[in-house]
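Colleague: Could you take a close look at one part of this model for me, the loops of the last chain, and then set it beside what you find elsewhere? Keep it informal.

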Amino acid sequence: MEAAFAILIGMFFTVAVYLLMSRQLVRVLLGIAILGNAVNLLIFTSGRLLREVPPVIPEALQVPEGTIANPLPQALILTAIVISFSFFAFLLVLSFRAYQELGTDNTVEMRVAEPTGETAPPQGY
Amino acid sequence: MAASDYSVDLSQAMRMDAVPPGDWLMIAPLVITILGGALCLMARKNTDSQPKIAIIFLTLLVLACAGLLARVLDKGVLTMVAGNWLPPFGIAFTVDAMGATLALTSSIVALAAAVFGINDIDSSGRRYGFYPFLLLLMTGVCGAFLTGDIFNLYVWFEVLLISSFGLLVLGNERAQLDGAVKYALLNIIATTLFLIATGLLYGILGTLNMADIARKTASSGVDGPLMTVAVLYFLAFAMKAAAFPVNFWLPASYHTPRIVVAAVFAGLLTKVGVYALLRIFGLLMPEARLVLSDLIAVVAIATMLTGVIGALAQTDLRRLLGYLVISGIGSMLAGLAMGTGPAMAGAIFYAVHSILVMTALYMTAGVMRGLGGSYSLRELGGLYRASPLLAAAFLMLAFAVSGLPPFSGFWPKVLLVDAALRDGHGWIAGAILLTGLLTTIAVGRVWIYAFWRGGAEGTADGQLTASLAVPREVGGAAVWMPIALLLGLVVIIGLQPEFMMQVAQRGASTLVEPLGYLRSVFGDIVQ
Amino acid sequence: MSITGPEATFAAVLAPFAAAAIAPFATRLLGANAAWPLAVVPAAIFLFFAGLVPDVAGGASFTPAVDWVPAYGVSFSFYVDGLSTLFALLISGIGTFIILYAGGYLKGHPHQGRFFSFLFLFMGAMLGLVLGNDLITLFIFWELTSITSFLLIGFDHLRAASRRAALQALVVTGGGGLLLLAGFLMIIALTGVTDMATLLAGGDILREQALYPLVLLLVLGGAFTKSAQFPFHFWLPNAMEAPTPVSAFLHSATMVKAGVYLLMRMHPVLGDTAMWTTILPIFGGITLLVGTLLAVRQTDLKLMLAYTTVASLGLLVMLTGTSWEKAIEGAVLYLLAHSLFKGALFMVAGTIDHEAGTRDVTKLGGLRGAMPITFAAACLAALSMSGLPPFVGFIAKEYLYAGTWGATGAHQAVTAVALIGNALMLVIAAAVALKPFLGPKVETPKHAHEGPVLLFAGPVALSLAGLAAAVMAHATGVYFISPVVSSVLGTATEVEVHLIPGYIGAALILSMVTVALGIVLYLKLDALRAAMARTLAAIGWGPDKGFDQVIAGIVSFSGSFTRLVQGGRMDVYMTLTFLVTALALLVPLTLTGNWPSAVPMPDFRFYEWGILAIAASGLFAVLVAKTRLTAIVSLGIQGFAVAVIFMLFGAPDLSFTQFMVETLSVVILALVMTRLNLRPSDHRPMLPRIVQGTIALGVGVGLAGLLMRITELSFDRSLSDFFEAYSRTIAHGRNIVNVILVDFRGFDTFGEIAVVMLAGLCVLALIRVRPKHAREEALDRAAGDEALQKSGEARL
């Protein structure tokens, strides 16, 4: 099962990385969103997959019966989802403000911090 | 909940010994910084009291870290587990000499920045969070240095990162937003790679506790997919540490925020990445370090040289200093590449020196801008007459960053070159020495243009611009006290490096001979 | 510890640093006359070392030491023997007069106090260098002399020539210093010895090392750069940009001799090998000839003296390089003589410059009436430099010829070179001492007259010392020369020094030939100068110009390289980063042979296939989306598909969270995209698309392969077993994932919440804070509106 998932995860990463290399910020943002999902799936698969049995202890028991899904990766992913969503929200607002101030969505044209046509360094003494 | 007829032996799940009171110092840094950050946040509107709160809490932080270092030097590696669960099941905080030293140095720098920020950050900046961000940045930094769990390390990296975002955009200038876009995206990718590597590591080893990982890799070796995961870790932290060729984010952004923010970044951010590399390749997967040592050496040499070459290419003082940060990272990576005790000690010592010196240099650059009106080497000039005190401070820091005696940069350089020559790494020794020479040229040029020259570029030979002929006051105590503090430490460490030398050697010995670290986490079960 | 015992060496070395600290205050109080009390410091040091001379001359040596960095094996220790005592006496003795001279020379200068400080810092560093025992300590003082020299050369910093000279000196001597550091560290690593005294007692300990050639070259790198040997000589004449007290002290008598000191000091362990006796005489000889020939070309008094200093250093290196016992005796005598006469002549040149206003020898003449004392001192010093009796320079020449004269080809060559060099030095000596003073009086920019005693005390004292050392030749030999030669040779040697030669031998004849040749050349000086000028113009290039070219070249290369590497384009940064990522995944996987074995066909149920297909199609839809709606909907589809996957595989909490977060993400994204009117379509040209597509594919394949391989391995479930066992029993929770989040790994959740809060703060800061220019514009606009309103009101 994990193998097929690995292929799907590979597809996720391919699309995410391709989008991240875009020149437009909005496509980069799409890439970030997909990247987050890809990483979550990767952690999920890494912890090994088990169909359908959630890691919940039945009412009557003190310890779960039989095999259950691996709870630890789920906890890690929950943390990762929340963190990556926070970053995503920040990036969205940052792109919004950057578009407002710099007037463009195209990173090739964002040359305020590192301007084009930089002159050579000073020479002499 | 049904009455339990299921008996449980608590000692199988939890640590039963009482926590000695001194051990609480391990989480004191986190508590202090979050409390301070929360208070500053609550005092949002009251921009006058925020610096006071922050300085008080950061002073407490320095004291706590100093106490922690003293305790670690006295008692050895310390461990405390959240919830008192047995490691490796709960999250352990494991503090050794390296982590404690770096935490102490970082907190000193943060305190200096908080004082410097009194002048540098206006009320709008304070209202929108300079001090809360600074305090929470320190939460992330201290958490990263003190934790003993690799996923927990990821969480602190994220806290550190988001705080740095906040500091970076404070002010909302166009250059800041441009720089922030590049900084944010590249750093998010770096931490994502870290997370991926951690997920895969969990998939291989089934554990997240650092000592447990060290134990498992020691017994089963690092081969197969674990080696690829190790390379992925190297890439992720090399990005965080701004190693060549994945350091684009640093020169793209470090010169955009307020100068005090740039100072904190230059001192702290990349060093956390170096710490992570030392921890992972020194303690967790030393076999991987052995296999990858040539690769790490090549990256180190490339980073050193491209960093200083980049510095020589700059006209803007802040960008020049950013490249010097990169160059310093290369030296630390060289220590990692060599991997022996003295080499790692050199890397740790260099990290402490770099934290102090780079922050001080950025602050000095801020004062130079205040006096000279610009950060450009073409427009600065005549500062030697205008402020001899500033000139003396800059000169000492310039010599320190070049590794010249009698300042703090000399001793780690000697340690690293010595380690390189002893183990036959001639290329590394040569690269470190050449980098030192080129750094001298780079900072020498800054000195010649900004201080000795009589004015901006094009001033007639022998002339001094009239406005600069009279010594001027620039900035009050808030500006000079932090610089004096950091410079004082640089001079003291340079003149009497014995303490730092011992601490660095202690830190290195935990990495090279991890028995003490493992014993601290697992007790005497480990043989 | 008695005040005169060798332990007081620490005080002797550290006293100048203390003086450096008080000098500015003393100058503020006393002005130029602060020189008198300040000169007490070096005078006291001189007396201290003079007190040690009898013991040292008797063969004793001392190694006072104190632990400095025991963790690294560095001690703060000194080695007091004949060689270091002589140097210490020269440094402190000449230093005393230099301090006085600086008082007179810079009288009235606003930064005179600072100047004294720098001089004292240098003096302390130089003393530490010649006395240093521990190798690292010695090196630290070596570098300190470079640093203080930098500050002193650039003292007149407003002129570009000074700045250039200072940087040049720092780079050249600093670069050599780095080589020396490597050399010292190698010595420590190879022999385990960390200090000079033990090293020198070790005999062949270094010569028998396989890496001896490398160690020698590294040490020579340091020594040659510091002592201005060809081709590193160019910084010394440029250092004449410094005020003359600096030139007289550092760049003739002390700092530049540091390299010679090191060679003499290490001769017992490094010398007398084929490499030593080949390299040193060749470089020394070339330096001697180049120095004197270039000196002839000069008309500036200081430059003439500077180039002859280069030549003298070459002579010293050449003699030390032969390793012949008598040549070394000559070298030590010449070292003493040179320090005395060169220091005096530099001070004379400075006095002429200070009083007459020019240093150009063609524009000076007839000053003997106006400056008689200076003239007398100049004559005495020049006679010593020319090697005429009864001066110590004559004795030095005699002994060095006695040392170099011999039957072999090497002897003949060295003698010939020495002869030519010495003859030319006589020419320069005469030019400096006679030309400005003799002949008809020439009008000078300033009305020349004798300076204050501060200015002539130095030249007089030093030139008289040169006379006294010769007249009391026997004492000089016993107390100064013999101990030094013993140190250099490594064995106790007695040197009999006579002023009057015992017999007419080869040495005396050679001396007479030198003098005769020198006089002949002096009479032809103008023609000689013109010929040199033509030759140099024909050659056109030299290491000095080379230095400028190298620096300029490095800087402009750096500019181009950095512009290339850090181009400024975000997409390039991303592409390169992911290229490295792809390589980081694919290369190790391939090299360790860890591609997964056969991919088994998974036995999914039809709905599981369905959801995987939906997720995949959502992905590709995002990729090719051209409109906002398509992009947003596709993003939602892939996100929700992931949520369903979570649900199907036993992660209901995860699924719920994913649904919520995905919804929020899509909504905010839609808001941003619509507000900004952004289109998600891709505008890239074909080639980048292909390259980036390949890289993305590489990353995807790498991660997929790695994950597949990992999941083939067996899995250690001990952590999860623990959580399952104790989740309800100890932590009282049934939902194990929740218990992990809030109890077992609650710390992570703590950090996660902090991140959310901080993200909110960041967003607030982004939205609310107006950038400065916007605020200023707003203020301007407000001001403008107000003005408009007011004027409107006024009109109404």
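Modeller: Sure, let's start with A228(C), which is buried at a relative accessible area of 0%; buried means under 20%, exposed over 50% and partly exposed in between, with a 1.4 Å probe and protein chains only. This is a predicted model, where local features need pLDDT of at least 70, side-chain atom pairs count only at pLDDT 80 or more, and totals for chains, interfaces and linings use all residues. Residues are numbered from 1 along each chain as written, chains are lettered from A and ligands numbered from 1 in the order written, and side-chain values use heavy atoms, without hydrogens and water.

Back to A228(C): phi is positive, about 50°, yet the residue is not a glycine. Its place is the loop between α8 (212-226) and α9 (235-238) of chain C; helices are DSSP runs of H or I, at least four residues, and strands are runs of E, at least two, numbered from the N terminus.

Further along, S323(C) is another non-glycine with positive phi, near 65°. S323(C) sits in the loop between α13 (301-322) and α14 (325-356) of chain C, and counts as buried at 11% relative accessibility.

Then there's the cis peptide bond joining P389(C) and P390(C), with omega about -5°. P390(C) belongs to the loop between α15 (372-386) and α16 (392-404) of chain C.

For the view elsewhere, chain B has a cis peptide bond too, between F244(B) and P245(B), with omega about 0°. You'll find P245(B) in the loop between α9 (225-240) and α10 (249-253) of chain B.
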